[in-house]
Amino acid sequence: MRYAKTDTNPHSEVEYPKQRGTCPCCDSIVIGHNGEFKIKHWQHYKRADCDSWFEPITEWHLSWQNNFPIEYQEVYMENNGKKHRADIKLPNGIVIEIQNSPISPIEIEERENFYGVKNLIWVINGETLCKNSKLNNQFVKKEFSISINIPYSIDENPGYQVDEFMEKILSIPIMKELIHKSCNYEINNGDNISLAFEDYIDINDVKLKMDMLMGHAYIEMYGKQTLPFFKSKNLINTCMVEYDHFIKVNLEKKHWRKFLDMMKYPLFIDNLQGLDSDYIYYYQKAKIISKKIFLKKYKNYCK
Ligand SMILES: [Zn+2]
């Protein structure tokens with residue numbers, strides 16, 4: 001374990017070799033190891049670790065734990081008379097288990113029942129646990145987007161209805177085709193259509209066509225008379241946005257460890273072959289997530 005009670009500190013790392021401390025869980029004596037080649041850790045003196053889920057500490061563990069304030073690292077939890085230390089436990093009760101070595105399906109179930117009271121997420125080391133698997137993906141930095149604003153109301157045309165007109169726009173074949181081609185499509189507040197494309201499209205051509213077709217649609221529904229008022233509103237915006245994005249994400253499993261599929265709680269894989277170290281892979285959702293964003297989310301709970 002990483003932290004023990006000492007005379008001066010209730011949550012102390014080993015400061016020098018053979019330092020004496022007390023286990024915060026079982027109160028027995030623990031001895032500090034601080035060798036040149038070993039990561040510093042406390043070991044129960046002349047007895048086994050009181051946490052049956054004990055695992056050797058690795059550098060990888062430390063770096064994950066260190067993302068969070070010290071008081072949330074190695075937190076003891078008690079449940080039905082049993083005690084275990086969670087690698088990371090946030091103030092809202094979420095436990096983050098940092099897993100470097102294989103565990104049995106039975107232990108997975110036990111740990112999920114024990115730690116998962118509030119919520120649990122697994123972060124596993126792909127370097128040790130998915131060594132032969134590879135994550136294929138293609139990174140897309142740029143995206144094209146089109147935003148179409150439909151007037152919410154037109155003073156000069158009391159008969160105009162935004163819902164009705166939106167429906168009309170969405171039924172235009174070129175619009176349907178655009179939606180089909182887009183990688184992301186949203187209708188916001190009932191008066192805005194946002195479309196994003198990861199493949200190249202001639203965005204100016206689309207803009208011209210949409211402009212024209214929206215004019216036609218308007219005339220068809222409300223006549224020509226108030227068209228200039230409709231057109232006077234700036235309707236279509238196009239832009240190219242910088243956006244981290246992955247396509248063709250596919251995990252090529254080789255010698256896949258079955259126990260990973262027994263995990264019911266969200267499983268994030270770090271150090272996966274084919275994936276840059278700034279990202280982790282959300283296994284159940286087959287999504288690549290920036291570590292920065294991931295950590296930001298969970299660090300926010302520490303405030
Ligand atoms: Zn103990």
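Two strands pair if DSSP finds at least two bridges between them. Strands are DSSP runs (E, at least two residues), numbered from the N terminus.

This is a predicted model: local features need pLDDT of at least 70, side-chain atom pairs count only at pLDDT 80 or more, and totals for chains, interfaces and linings use all residues. Residues are numbered from 1 along each chain as its sequence is written, and side-chain values use heavy atoms, without hydrogens and water.

**Exercise 1.** Find how β1 and β2 pair, then place them in their sheet.

*Solution.* Start with β2, residues 29-33. Three bridges join β2 to β1, in the antiparallel sense. Arg20 faces Ile31 of β2. Now widen the view: the open sheet has three strands, in the order β1-β2-β3, with antiparallel pairing. Its edge strands are β1 (20-22) and β3 (41-44), each paired on one side only. From one strand to the next, the twist averages 40°.

**Exercise 2.** Identify the protein donors of the zinc ion and state the geometry of its site.

*Solution.* Donors are N, O and S atoms within 2.8 Å of the metal (3.2 Å for Na, K and Ca); water is not among the atoms, so sites may look incomplete. Four residues supply them: Cys23 (SG), Cys26 (SG), His44 (NE2) and Cys50 (SG), at 2.1 to 2.3 Å from the zinc ion. Along the chain their spacing reads C-x2-C-x17-H-x5-C. Next, check the angles: they run from 104 to 113°. The site is tetrahedral (four donors, all angles between 85 and 135 degrees).

**Exercise 3.** Decide whether His44 is buried or exposed.

*Solution.* Buried means under 20% relative accessible area, exposed over 50%, partly exposed in between (1.4 Å probe, protein chains only). His44 has 6%, so His44 is buried. Cys50, at 22%, is partly exposed.

Definitions and conventions. Four donors count as tetrahedral if all angles lie between 85 and 135 degrees; four count as square planar and six as octahedral if opposite donors are over 155 degrees apart and all others between 65 and 115; anything else is irregular. Helices (H or I, at least four residues) and strands (E, at least two) are DSSP runs, numbered from the N terminus. Axes are lines fitted to C-alpha atoms, for helices over the stretch in contact, and angles run from 0 to 180 degrees between N-to-C directions.
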